[in-house]
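Dear colleague,

I am passing on a structure that you have not seen before, and I would be grateful if you kept it open while you read. My notes on it follow below.

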Amino acid sequence: MKVTVIEEPLLEFGKGTHICPRNGIERMGVYDTKDELRRSELRLGIVGRGVGVDKLDVWLDLCRNGIVGKESELSNLFKGFGGVSADYGFFTRLLSSPSFTRAIQKSSIVKVSRIKTREERVVAAVNLYYEQVQFLAENRAIDVIICVIPEELFVSLTQKDAGSKKDTGSIEQYMEHDFRRLLKAKCMHLGIPLQLVLESTLLTGKANRGNQDDATRAWNFATALYYKGNKTVPWRLKEERFKPKSCYVGIGFYKSRDGETISTSLAQVFDEFGHGVILRGTPVVIDKNDKRPFMSEEQAYNLLSSALSEYDKALMQMPARIVIHKTSKFRDTEIRGFCRVLEEKSVRSKDFVSITNTDIRLFSQTSYPPKRGTLLSINESEGVLYTRGTIDFYQTYPGAYVPNPLKIDVYENDSSLEELAEEILGLTKMNWNNTQLDGRLPITLECAKKVGDIMKYVDLGEKPQVSYSFYM
């Protein structure tokens with residue numbers, strides 16, 4: 001057994017590299033400023049009640065002009081937000097207008113809130129917003145639609161019905177489980193990504209209680225809008241020119257809406273630039289012993305074959321190397337199916353990696369948790385990796401709870417365990433919903449749950465969007 005600490009992977013921006021997304025955007029600009037034909041404006045559609053739209057307008061002005069960081073000695077963690085403008089950072093303009101806005105009447109919201117059952121309220125609320133989103137998508141030239149959710153509607157969509165015995169989660173989980181997912185699935189065919197915000201998250205200063213500080217929220221909000229609207233990436237992993245061109249594939253599963261039927265497979269495919277495509281597979285069987293879903297040889301073959309076809313379509317070449325991440329062990333049938341595809345497509349280098357939770361913990365000699373990037377190599381094919389932990393750049397551990405490391409198990413590999421762990425650490429920084437540099441899961445698996453939660457609401461006869469921007 002051996003313990004090593006992997007250096008923080010570098011990210012590439014418009015004019016240089018940095019380990020931190022926020023510092024990189026501020027100092028060197030977003031990555032796609034290298035593209036002479038890039039767009040320099042982001043047109044925003046807005047749907048919400050009058051008071052919510054007014055709050056969003058105030059918040060957008062703050063995002064345009066910049067927000068002072070939280071008072072703290074941890075200046076790198078609580079970094080001020082410099083704003084969104086045509087000559088700085090994001091090098092773009094946020095455009096909003098009354099002609100891009102659709103108001104929802106208060107009486108309509110009250111009517112939905114009075115519907116007897118929560119399930120019926122959710123469906124009615126989705127239809128209420130869908131009608132306005134559809135109008136904007138079909139009649140206005142916009143890039144992203146922001147849906148502002150009133151507090152009273154939020155409560156009515158998440159509260160437990162009288163006499164119900166199904167109250168097993170938080171109100172945020174209720175909101176996530178129904179309204180957000182169903183609305184995104186229903187609007188998917190319109191081809192415009194959605195950004196949902198609660199009115200309470202638009203409050204600033206002393207009125208902002210219980211949320212992240214204003215500058216941090218602005219960093220995350222602006223970056224998500226930029227990624228969704230520009231269909232490009234704000235940063236990417238620094239290219240290692242001596243390494244073969246790699247394609248990263250995350251394999252996941254999701255259950256039907258009723259939770260009773262068998263699961264369906266998913267593939268999330270990302271190239272080295274962070275561009276990705278989402279593919280839906282076929283229903284799979286459940287192992288009778290450990291109750292986990294797995295694919296037959298033919299299903300594994302078809303899913304990876306489709307994934308590589310999409311990769312080839314996008315980049316007009318096959319990758320030299322395939323890395324497959326799963327949140328469960330690889331079955332023999334899956335390995336045979338994957339290997340058949342790689343042999344047929346002459347992909348010579350492969351790494352099949354299982355990434356799961358573990359009860360193993362390491363302890364540092366200080367009062368802080370182990371450093372992010374700490375790797376315990378148990379043997380050549382087993383390791384424990386801390387993707388969250390103490391960060392020198394932040395001068396602290398930025399989490400609220402004891403960090404849980406990841407268990408890494410390698411099944412088929414042409415790369416070393418340490419190389420694979422370094423890649424996983426880098427891929428944790430490729431989530432454009434979060435500008436803090438310490439994501440827990442690699443993007444291959446981070447998006448799997450979000451995609452599955454929404455994909456279950458997309459009818460089998462409907463072709464889902466392939467961009468991650470429609471699911472985040």
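A good place to begin is glutamate 12, which stands opposite arginine 236 of strand S9. Please bear in mind throughout that this is a predicted model. The strand pair in question is S2, residues 11–13, and S9, which are joined by 2 bridges and run antiparallel. These two belong to an open sheet of 3 strands, ordered S3-S2-S9, in which the pairing is antiparallel. Strand S3 (16–18) and strand S9 (236–237) are at the edges with a single partner strand each, so one side of each is left without a neighbour in the sheet. Helix H1, made of residues 21–28, packs on this sheet and touches S2 and S3, and its direction makes about 155 degrees with that of S3.

For the chain as a whole, there are 11 helices and 19 strands. The radius of gyration is 23 Å, close to the 23 Å given by the globule rule for 472 residues, so the chain is as compact as a globular protein of that length. Along its principal axes, the C-alpha trace spans about 60 × 50 × 50 Å.

Turning to the helices, H8 (residues 297–315) packs with H9 (residues 332–344) at an angle of about 40 degrees, and their axes lie 7 Å apart. Because angles from 35 up to 65 degrees fall between the roughly parallel and the roughly perpendicular ranges, H8 is oblique to H9. The crossing of the two helices is right-handed. On the H8 side the contact involves residues including Tyr301, Leu304 and Leu308, while on the H9 side Phe338, Val341 and Leu342 are among them. Charged residues also take part, among them Glu297 and Glu298 in H8 and Arg336 and Arg340 in H9. Taken together, the residues of this contact divide into 7 nonpolar, 3 polar and 6 charged.

Further along the chain, strand S17 (residues 374–379) pairs with strand S18 (residues 382–385) in the antiparallel sense over 4 bridges, and a hairpin of 2 residues joins S17 to S18. Within this pair, leucine 375 has leucine 385 of S18 as its bridge partner. S18 also pairs with strand S19 (residues 406–413), again in the antiparallel sense and over 4 bridges, with glutamate 382 standing opposite aspartate 409 in S19.

With best wishes

Definitions and conventions
Residues numbered from 1 in each chain as written. Predicted model: local features only at pLDDT ≥ 70, side-chain atom pairs only at ≥ 80, totals over all residues. Heavy atoms only, no water. Axes fitted to C-alpha atoms, helices over the stretch in contact; angles between N-to-C directions. Parallel < 35°, antiparallel > 145°, perpendicular 65-115°, else oblique. Left-handed = near helix turned anticlockwise from the far one by under 90°. Contact = heavy atoms within 4.5 Å. Nonpolar A, V, L, I, M, F, W, Y, C, P; charged D, E, K, R; others polar. Pairing = 2+ DSSP bridges. Rg over C-alpha atoms; globule rule 2.2 N^0.38 Å.
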